[in-house]
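Hi,

Here is the structure I promised to pass on to you. Have a look at it first, and my notes on what turned up follow right below.

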Amino acid sequence: MYRHIKVPTTGEKVRVVNGKLHVPDQPVIGYVEGDGIGPDITKACLRIWDAAVAKAYGGKRKIHWCETFLGEKAAGLYDGNYCPDETLHALKDLVVSIKGPLTTPVGGGFRSLNVALRQDLDLYACVRPVKHYAGVPSPLKQPGKVDVVIFRENTEDVYAGIEYKAGSPENDKVTKFLREEMKARFFDGSGIGIKPISAFGTKRLVRKAIQYAVDNGRESVTLVHKGNIMKFTEGAFRNWGYEVAREEFGNVTITEEQLYAEYKGKQPEGKIVIKDRIADIMFQMMLLRPDEFDVIATPNLNGDYLSDAIAAEVGGMGIAPGANIADNIAVFEATHGTAPKYANLNKVNPGSLLFSGVMMLEYMGWKEAADLISLAYPDVVSDGIVTYDFARQIDGAREVGTSQFADALIERIQGGIDLEAKRRAQQEQLVKERKQREIRRLLQPMEEMMSTGRRPQTVGDLMTRSLITVTDEETVESAMHVMQDNGVSCVVVEPNKKGEWGIMTRRDIVTKIVHANKNPATQKVKDVASRPLFSVPAETTIREASRILADRNFSRLAIAQGDRIIGIVTETDIFGSVERFGWLE
Ligand code: NAP
């Protein structure tokens with residue numbers, strides 16, 4: 001029994017059975033109206049979501065809304081309590097809910113309500129899909145290329161809140177320990193923060209991100225980290241992320257290394273590519289090549305910056321949706337604040353809450369209703385019917401209020417949309433773009449690597465794949481012509497009877513033919529070639545390969561796959577890579 005929350009008896013509760021969500025046709029879904037502009041946008045969105053569900057399922061399905069209270073409305077009802085226990089209980093019990101923005105009371109020892117919710121309900125994944133809708137103003141030349149879903153860790157990293165103020169007794173204690181026992185060096189009077197990142201926290205987040213990619217037919221999952229500097233936190237996030245992919249999703253994922261080395265850039269059907277990027281490169285990439293990224297999994301602070309920056313590329317916070325998700329509970333939410341100056345003016349854009357509801361419908365498996373909204377939305381915006389925030393960016397737009405925008409959208413939804421045709425067109429476009437990326441990877445692997453922010457890491461990334469081979473019985477002269485015609489300094493010699501590969505270099509010819517005063521026209525390749533050919537696997541790191549080159553005084557290495565030679569990497573390749581991409585110690 002709740003004090004103020006009235007759970008509608010007309011609907012059934014959403015349940016989780018064996019980790020799977022069961023959504024009845026008449027579910028009870030929780031909502032929090034929110035503060036400031038919350039009531040305006042919530043009222044408008046409830047009407048739109050209901051209209052989309054009614055249109056999609058002709059009355060067979062219907063949401064039974066259950067109002068729960070947080071923020072100022074809660075404080076009014078629960079004797080000044082902004083975050084009543086019964087609301088937390090109801091949000092857990094209802095499993096799926098959606099909330100408007102909440103005021104964070106300043107001072108007085110209040111915890112941010114949003115942080116409190118995340119911590120109390122252990123909502124460990126903050127999920128932010130960011131995509132462009134036609135007609136929405138954007139600073140990018142081709143905003144349509146942005147379509148990513150960010151999974152940001154919600155409980156660790158800077159959100160753990162472990163900090164010690166400069167000059168405090170706690171800080172003195174930590175400082176003493178770090179300096180005396182850990183031999184750490186830093187300036188006097190430093191504030192100190194601790195950044196914990198665990199295998200547990202990382203893996204449950206990355207697991208969710210990969211599962212999302214699997215469920216939604218996505219192309220890749222990118223782990224975004226700053227592991228080049230913070231090896232044991234951000235770097236560990238990367239390593240644990242790859243571990244989850246390998247150990248739990250091994251049959252549906254490949255790494256980007258494998259994509260280039262084993263599949264030569266051609267993504268196998270049904271496999272998701274797991275890759276990683278350093279956080280700062282990722283900011284560049286999301287401006288220059290946003291279509292290279294799909295699902296992103298990242299620790300808390302990177303995710304904080306990245307989600308707002310990417311949202312700004314496609315229309316800003318006014319329409320960026322979000323959700324905070326745990327294993328058995330999800331709270332969808334507008335990502336902007338309460339914009340108090342616009343409260344009760346029927347003015348602001350309902351887009352952020354609206355699309356959070358679209359995410360929620362997708363999460364519930366009600367894709368038809370979700371698609372009706374996201375496919376009708378660009379039509380209304382392209383007609384120039386927009387709220388003030390877009391109106392000031394679009395010439396000739398007709399500015400309308402929040403509820404009038406909802407009316408226009410509902411009219412469009414009810415007017416009927418050819419869902420199948422629009423979905424087909426979207427799918428065709430997606431397939432076309434994937435193909436284009438694949439062709440670029442196949443034709444110019446190095447260039448693609450560079451322009452998509454990937455640093456070569458193994459000899460497989462650098463090797464020349466188009467091997468020029470000769471046979472033992474050819475004359476040295478003919479092999480020299482082959483080398484000259486192809487502009488190469490060595491040729492691989494095909495296996496002899498013992499199955500051993502060989503190599504013949506320019507140097508071999510200078511030392512074993514010219515210096516020895518022999519005639520290349522009469523000498524055979526087998527007399528000059530070096531055997532057996534020393535080879536390493538494609539996964540050998542560039543550093544390890546450099547060690548071998550140095551130790552053995554080689555200038556090139558053959559790359560083998562099993563007993564086949566598949567490429568050659570030379571010191572010139574390594575030099576060229578370091579010159580282009582730099583070298584991280
Ligand atoms: P804000 O409420 O997000 O507002 C900042 C500006 O963003 C607004 O002045 C407006 O820009 C624009 N904006 C926000 N929502 C919009 C919408 N729906 N449509 C169009 N434009 C929109 O940020 P704030 O002023 O920093 O924070 C106000 C309160 O909200 C604070 O108490 C803060 O703690 C809280 N907050 C809550 C949440 C949450 O509950 N998730 C998140 C962030 C902040 P223009 O002035 O340019 O028109």
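The buried residues of helix H9 are covered by several elements, among them strands E8 (147–153), E11 (220–225), E13 (272–278) and E14 (295–298), together with helices H10 (300–313) and H16 (445–451). Please keep in mind that this is a predicted model. H9 itself runs over residues 279–288, and its buried residues are Ala279, Ile281, Met282, Met285 and Met286. These five are on the same side of H9, because they cover an arc of only 140° around the axis. As a reminder, an α-helix has 3.6 residues a turn, so residues three or four places apart point the same way. The face of H9 turned away from that buried side carries Leu287 and Leu288, which are exposed.

Helix H3 (residues 85–94) also has a set of buried residues: Glu86, Thr87, Leu88, Ala90, Leu91 and Leu94. Their cover includes strands E1 (12–13), E4 (27–32), E5 (64–68) and E6 (96–99), along with helix H4 (113–120). If you check the backbone there, look just after H3, where valine 95 takes a positive phi of about 70°.

Now the overall picture. The protein has 585 residues, and buried ones make up 50% of them. Its secondary structure comes to 22 helices and 24 strands. Along the principal axes, the C-alpha atoms fill a box of roughly 100 × 65 × 50 Å. Of the contacts with a separation of 6 or more, 71% are between residues 24 or more positions apart. About 27900 Å² of the protein is exposed, and carbon and sulfur atoms supply 52% of that area. On the charge side, there are 76 positive and 79 negative side chains, with the centres of the two sets lying 2 Å apart.

You may enjoy the aromatic part. How many aromatic pairs does a search of the whole structure find? The search gives twelve. In one of them, the rings of tyrosine 133 and phenylalanine 355 have centres 4.4 Å apart and planes at 20°, so this pair is stacked. Tyrosine 133 sits in the loop between strand E7 (125–131) and E8, while phenylalanine 355 belongs to helix H11 (residues 351–363), so the pair ties together parts that are 222 residues apart in sequence. Both partners are on the inside by the numbers: tyrosine 133 is buried with a relative accessible area of 10%, and phenylalanine 355 is buried with 2%.

Another pair is formed by tyrosine 377 and phenylalanine 405, whose ring centres are 5.8 Å apart with planes at 65°, so it counts as edge-to-face. Tyrosine 377 is in helix H12 (residues 367–382) and phenylalanine 405 in helix H14 (residues 402–414), so to speak a link between distant parts of the chain, 28 residues apart. Tyrosine 377 counts as buried at 0% relative accessibility, as does phenylalanine 405 at 3%. Ring pairs link Tyr133, Phe355, Tyr377 and Phe405 into a cluster.Right next to tyrosine 133 in sequence is alanine 134, in the loop between E7 and E8. Alanine 134 counts as partly exposed, at 46% relative accessibility. Leaving out residues up to four places away in sequence, alanine 134 touches Pro378, Val381 and Ser382. For scale, the C-alpha atoms of alanine 134 and valine 488 are separated by 50 Å, with the two positions 354 residues apart along the chain.

Two further residues are worth a click. Arginine 434 is found in helix H15 (residues 419–443) and is partly exposed, with a relative accessible area of 26%. Not counting neighbours within four places in sequence, arginine 434 is in contact with Gly217, Arg218, Glu219 and Asp294. Glutamate 292 is 142 residues from arginine 434 in sequence, and the two are 9.2 Å apart in space, C-alpha to C-alpha.

Is proline 532 buried or exposed? Proline 532 is exposed, with a relative accessible area of 57%. Proline 532 lies in the loop between helix H20 (525–528) and strand E22 (535–537), and touches Glu500 and Trp501 once residues up to four places away in sequence are set aside.

Happy browsing, and best wishes!

Terms used: Residues are numbered from 1 along each chain as its sequence is written. This is a predicted model: local features need pLDDT of at least 70, side-chain atom pairs count only at pLDDT 80 or more; totals for chains, interfaces and linings use all residues. Side-chain values use heavy atoms; hydrogens and water are left out. Buried means under 20% relative accessible area, exposed over 50%, partly exposed in between (1.4 Å probe, protein chains only). Helices (H or I, at least four residues) and strands (E, at least two) are DSSP runs, numbered from the N terminus. The arc is that of the directions from the helix axis to the C-beta atoms. Contact means heavy atoms within 4.5 Å. Accessible areas come from the Shrake-Rupley method with a 1.4 Å probe; for residues, only the protein chains shown count as cover. Lys and Arg count as positive and Asp and Glu as negative; His and the chain ends are not counted. The place of a charge is taken as NZ of Lys, CZ of Arg, CG of Asp or CD of Glu. Rings of Phe, Tyr and Trp (its six-membered ring) pair if their centres lie within 6.5 Å; planes under 30 degrees apart count as stacked, over 60 as edge-to-face and the rest as tilted.
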